[in-house]
Amino acid sequence: MNSTVSFFYFLSFLTILSAVMVVVSRNPIHSVLYLILAFFTLSGHYILLNAQFLAAVNIIVYAGAIMVLFLFVIMFLNMKQDNEEAKTNIAKIAATIVGGTVFVILFGAYRKSAIPAFNPENFDSQVGMIENLGHILFREYLLPFELASILLLVAMVGAVMLGKREIGERHF
Amino acid sequence: MYPIVLLSFFGIVTLFLGFSKSKNILLPATLLFLIIALAGNFLEWNKGPLLYFYDMLRVDNVTLAFNGIILLSAFMIFAISGGFQDNPDSEPAEYFGLMLFSLVGALMMVGFQHLIMLFIGVEILSVAMYVLTGSNKRNLRSNEAALKYFLMGAFATGFMLFGITLLYGATGSFKLEQIQGFASNMQVGSESYILYAGLLLLLIGMLFKVSAAPFHFWTPDVYEGAPTIFTTFMSTVVKTAGFAALFRLLSGSFTGVYGFWWIVIAAIAVLTLLVGNIGATSQNSFKRMLAYSGISHAGYLLIALTALSKPSQNAIIFYSLAYSLSTICAFGVLMLVSKEKTIGGQPNEYYDAFNGLAKQNPLLAFVLTVSMLSLAGIPLTAGFWGKFFIFTSAAERGIIWITVIAVLMSTVGIYYYFRVIISSYLKEGDLVKIRVAPFYKVILVLATFLTILFGLAPGIFEGLI
């Protein structure tokens with residue numbers, strides 16, 4: 001086992017651990033902090049896969065901007081630990097069965113299929129660099145790239161429209 | 001190709017038109033934009049399959065037919081919105097802009113040839129719909145509907161994205177043709193189960209968008225909470241685009257593994273039919289009934305997808321058209337009638353609002369009757385032939401049992417569709433004459449005329465596609 005492989009296993013362990021902790025933490029602030037850890041370890045995976053640009057963007061956008069937003073919202077809502085909604089046992093059992101089944105199916109699918117391996121000799125180490133990414137983004141993926149701007153515009157218009165102050169009282 | 005570019009541009013123009021003092025220009029301008037987009041759409045008719053932008057988008061006559069249905073429905077809905085003049089709180093420029101942008105998403109879903117296009121299309125359409133659902137900001141039900149739709153829709157998007165990722169992992173490509181090549185060449189014994197898992201997750205995401213059971217739980221609440229004009233948009237444009245996307249996905253890249261997925265879709269189709277039709281019988285609100293009816297029609301369309309035989313393509317196109325026309329009529333009449341008698345300041349959307357409609361408003365009652373007959377699938381309306389073509393496609397594949405269930409369920413449908421007809425013709429009511437704007441009347445009459453025309457001559461477009 002060379003150092004890359006052992007580093008991969010270490011990162012994977014940390015990713016899964018922090019992802020599980022996001023779900024099981026009772027305090028939402030802790031959840032968010034674990035989520036930040038998960039994003040950092042995922043960025044580690046990107047670097048292992050030679051996607052340096054993606055790793056940097058992941059840290060800047062997700063671990064930076066979006067997490068600040070998350071923390072801000074959580075502090076804004078002032079969530080208390082005790083007003084958590086109690087779930088019935090049946091819901092818990094059903095959720096466990098469904099989740100377990102999905103896990104078994106996905107795990108079984110992974111075990112039974114052959115994942116095509118790549119040949120390290122003709123692997124282009126520059127594949128994840130900005131230059132290559134730019135070439136692909138503005139040539140092959142030009143149309144979805146441009147139309148993604150419509151998506152952002154829709155989100156922005158919607159946010160402004162919903163965020164405007166409304167005069168008058170609410171009704172049912 | 002042209003309508004996507006045109007509508008993206010026109011959407012921005014519409015937002016700028018909102019700066020002008022007079023809001024009267026918005027409605028004619030957007031209607032003009034839609035006519036231009038429709039004309040641009042049919043410029044490419046019969047030009048053969050065209051691929052644009054490195055195989056991102058495919059334009060053939062099927063794409064153009066679906067685009068035509070979507071743009072025509074949008075035109076009618078825009079027209080009956082009346083420019084939102086009657087509501088002083090409304091922001092027409094934003095509404096029209098968002099709807100034009102959401103049409104871009106719908107057209108992307110129709111013509112996609114690459115899964116990224118599908119994803120961005122679904123997201124543009126959905127995000128615009130989340131916002132429009134919540135556009136009646138002071139109404140708590142509208143707020144609740146928007147939040148519910150948004151949270152569940154985001155969850156469904158997660159499934160879809162995970163499915164696309166697994167498909168990429170299995171096949172090494174996002175392109176429909178290459179996925180098709182991979183799926184067709186799988187050997188027995190060395191199938192890629194990751195492909196199956198990816199397909200299932202992608203289907204979950206898409207079936208959520210077309211409100212098939214068991215992913216339908218959001219539909220009644222969201223359809224009821226949203227302002228009626230946007231409910232109309234959701235149940236016509238979004239549904240047509242969703243089925244066009246499902247059809248393209250399944251026929252374009254998964255015919256090789258038909259044996260794997262057909263039973264899944266068949267089971268979901270049967271469940272959707274049961275939930276939609278039986279759920280609709282117990283509703284007291286007409287609008288909620290139409291939401292359940294939307295679920296049941298998704299079930300009929302899923303039958304055509306299950307069969308995926310030669311007539312399926314035409315069946316889906318014809319059914320979407322018939323369903324859209326009738327739904328626009330039904331919601332159009334509902335919008336007029338519900339404003340007459342309000343409950344606590346809110347439009348009355350219950351069945352009893354229609355009591356005695358025929359006495360003073362024979363035209364509205366007639367429009368409503370034709371649309372209900374068409375939705376129920378009574379002969380001499382377009383809905384009958386839509387169902388007929390769908391059952392033909394299932395029979396072609398030899399799946400008779402599903403047709404039997406569907407016929408049984410459509411007899412259940414007669415019960416709840418006829419309730420409103422009985423209300424408007426036989427029950428006593430004190431509805432006065434409702435003033436209908438001339439343009440509104442033209443659209444309702446046009447949709448009714450088309451419903452009857454397709455009912456009398458269903459083969460009018462045969463052989464074109």
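Which helix gives the most residues to the lining of the second largest cavity? In this predicted model, that helix is H13(B), with four residues.

The search that leads to this answer rests on a simple idea: rolling a probe the size of a water molecule over the atoms shows where empty space is left. Counted in this way, the model holds four cavities of 30 Å³ or more, and the two described here are the largest, with about 50 Å³ of space, and the second largest, with a volume of about 40 Å³.

| Cavity | Volume | Nonpolar lining | Polar lining | Charged lining |
|---|---|---|---|---|
| Largest cavity | about 50 Å³ | five residues | two residues | one residue |
| Second largest cavity | about 40 Å³ | four residues | four residues | one residue |

Around the second largest cavity stand His297(B), Tyr319(B), Ala322(B), Tyr323(B), Ser326(B), Ser374(B), Leu375(B), Gly383(B) and Lys387(B). Two or more of the lining residues come from each of helix H13 (312-340), helix H15 (362-376) and helix H16 (382-397) of chain B.

The largest cavity, for its part, is lined by Met109(B), Val122(B), Leu125(B), Ser126(B), Tyr149(B), Lys209(B), Val238(B) and Gly242(B). At least two residues of this lining are supplied by helix H5 (115-133) of chain B, and at least two by helix H10 (228-253) of that chain, while the largest share, three residues, belongs to H5(B).

Note on methods:
Residues numbered from 1 in each chain as written. Chains lettered and ligands numbered in written order. Predicted model: local features only at pLDDT ≥ 70, side-chain atom pairs only at ≥ 80, totals over all residues. Heavy atoms only, no water. 1 Å grid on protein atoms, 1.4 Å probe; cavity = no way out; pocket = protein on both sides within 12 Å on 5 of 7 lines; lining within 4 Å. Points joined across faces, edges and corners; volume = space filled by probe spheres on them. Nonpolar A, V, L, I, M, F, W, Y, C, P; charged D, E, K, R; others polar.
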